[in-house]
Amino acid sequence: MSKDPSEPDLEAMPFSDAFKKFKRLKFFEPSLGVLGFFFVSVCVILCFFYLDYRAAAKGFRFSGQSERYMWLQSNGSSKDFRVEFLGEEGGECDVFDGDWVWDESYPLYQSNECPFLDEGFRCSENGRPDLFYTKWRWQPRYCNLPRFDAKLMLEKLRDKRVVFVGDSIGRNQWESFLCMLSSAIPNKDSIYEVNGNPITKHKGFLVFKLKDYNCTVEYYRAPFLVLQRRPPSGASQKVRTTLRLDQMDWNSGKWRDADMLVFNTGHWWNYEKTIRGGCYFQEGAEVKMEMSVEDAYHRSIETVVRWIDTVVNPNRTQVFFRTYAPVHFRGGDWKNGGNCHLETLPELASSFVPTESWSQYRIANSVLSAFSNTSKAMKFNVLNVTQLTARRKDGHSSLYYLGPKLSPASIRRQDCSHWCLPGVPDTWNELLYALFLKHERTSTLNASTNSMPGMSWNNSLLQ
C-alpha cells in the first residue's frame, strides 16, 4: 500500500526541514497521548511514595529510604534496649519522652460502637474522610507501655469512683475513658447516667454508672478549678464575675473522696475568657483589678495543690494533674479563620516547638516543680502530655464537629482545640492507665516490705 502523499516521510526529510517541523509541534496542546503519559507518571511516583510509607510503618527498610521515617518503626533493634514500664527496671523511665509510631492494631474502639460520645467528637461519622489520626500509638523512648486492657481496668475500678474535673478538653478525655472501658462491656445499657441526664452539651456534672462493676466515671465542669461567683458589693461596674483565686470550685466537696481524680485546666485562662468578658480576680474581699491573667493562673494552681495537700487523703485517692493540651490554629484563631483541616499526619520532628512558648504550661510547670521538692509531690502525679500532644496537629475536630447532618462546618469556623475520638485523648488515658497500675504495684510492694519482721522498727528509727 502506498503512503498518503500528504504524510511527511521523516526518514527522507532533510535534517533542516525536520528541525523546522519539530519547532512547530505544540507540546501543550491537549491530546489523549499526553494526558495518558502524565497520568501513568503520577501513578508510578505515588506508588514509590506508598511503598516507602508502608515499609517505614512496618519496620522494613529499602535502600535509600528517607531517614525521617525511620523513627516510625515499632519493631526491630530499637525495641531491644527498652524495658517494660511496669517491670522492676521501668521505674526511672520517662513515659512522656518518645515518638508517635504507626500501629495497625489501633484504634482501641470505634466511635459508632460507643454511645457515650458528643456529636462534636465523632469526626469520622461527621464526614472526615481519613482515618490516619486513629492509627498512631505513643511509644516511650526507653520503655514499653502496657497495652490498655479494659477488662483488667474495670476489675481494678470495681466499687470505685473515677472523677475528671476541668474544662471541655477534660470532658474530651473523660468521654474517651468511658469509651475505652465500655469496649469490654457488651451490654451498653448497663452503663447509664445516674440522674438521667443526656451526655450532649451538659454544663454541670455527669455521673455514669457501670452497673456490672458498681463503679462510676464522673465529669465535673470547672474550667478554672477555682470558684467563679458574683462580685462583692462595692466592686467596679466593669466587674461582672470574679474568680476567687484562694477558694476551690463549689463542687470540690464531691471530688475529695474519689478513688481516682484527674484535673485539667488552662484553656479558659486567657484575656478573652476573663477580663474582656468582665471576669476579674479576687483574693479575700479584694478584687485585684490590675492583676494579670498569668499571675491569677499561677495563684489558682497554688490553691489547687494546697487543696490536694490538705484535703485529699492520699491513702484513698490517686490524683493526676494533666498538663495543657496545645491548640493548632493556623492563620488565625477559632473566631477569625484559624484552620487545621488540611493536617492529616503528626509532626515528625521531636522538638519542633519549645514548651516554654505556652504560658499555661510554663506557669503550671513552675508551680508543680516547686512542690516536687517537698513531700507534697508524693500526693499527685503529673500527666505531662503537652509536648507529645503538640505534635498531633492532625487530630482535631476541625470541620467535623456539627454532627452528620450539618458537617462540614464553614472553613472559617474550625475547631482546632478539641480532639476527634478515637484519637489523641485515648493516649492520655493509656498513660493514665500505666501510671495507675505502676502506683498500685509500688504500693503493694511497699506494703509487703513494711509488713516484714523488723521493718516497722527500722522505719521508726528514721522518723
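How many bridges join S11 to strand S14, and in which sense do the two strands run?

**Entry 1: S11 and S14.** I kept in mind that this is a predicted model. I looked up strand S14, which covers residues 318-322. Four bridges join S14 to S11, and the two strands run parallel. I then looked for a facing pair. Phenylalanine 263 stands opposite phenylalanine 321 in S14.

**Entry 2: S11 and S5.** I turned to strand S5, residues 161-166. S5 pairs with S11 in the parallel sense, over four bridges. Here I noted valine 162, which stands opposite methionine 260 in S11.

**Entry 3: side chains of S11.** S11 spans residues 260-263. Which way do its residues point? I found Met260 and Val262 pointing one way. Leu261 and Phe263 point the other way. Are they buried or exposed? All are buried.

**Entry 4: helix H6.** I moved on to H6, which has 19 residues and runs from 293 to 311. From first C-alpha to last, H6 reaches 26 Å. That is close to the 27 Å expected at 1.5 Å a residue. I also listed buried residues of H6. Among them are Val293, Ala296, Tyr297, Trp307 and Ile308. Ser300 and Thr303 are buried too.

**Entry 5: confidence.** I checked how far to trust the chain. Its mean pLDDT is 83, and 75% of its residues reach 70 or more. Over residues 1-13 the pLDDT is below 50. Beyond near neighbours in sequence, that stretch has four contacts in the model. Residues 48-71 also have pLDDT below 50. This second stretch has 29 contacts beyond near neighbours in sequence.

Definitions and conventions:
Residues numbered from 1 in each chain as written. Predicted model: local features only at pLDDT ≥ 70, side-chain atom pairs only at ≥ 80, totals over all residues. Heavy atoms only, no water. pLDDT = per-residue confidence, 0-100. Contact = heavy atoms within 4.5 Å. Expected span 1.5 Å × (residues − 1). Buried < 20%, exposed > 50% of the residue type's maximum accessible area, 1.4 Å probe, protein only. Pairing = 2+ DSSP bridges.
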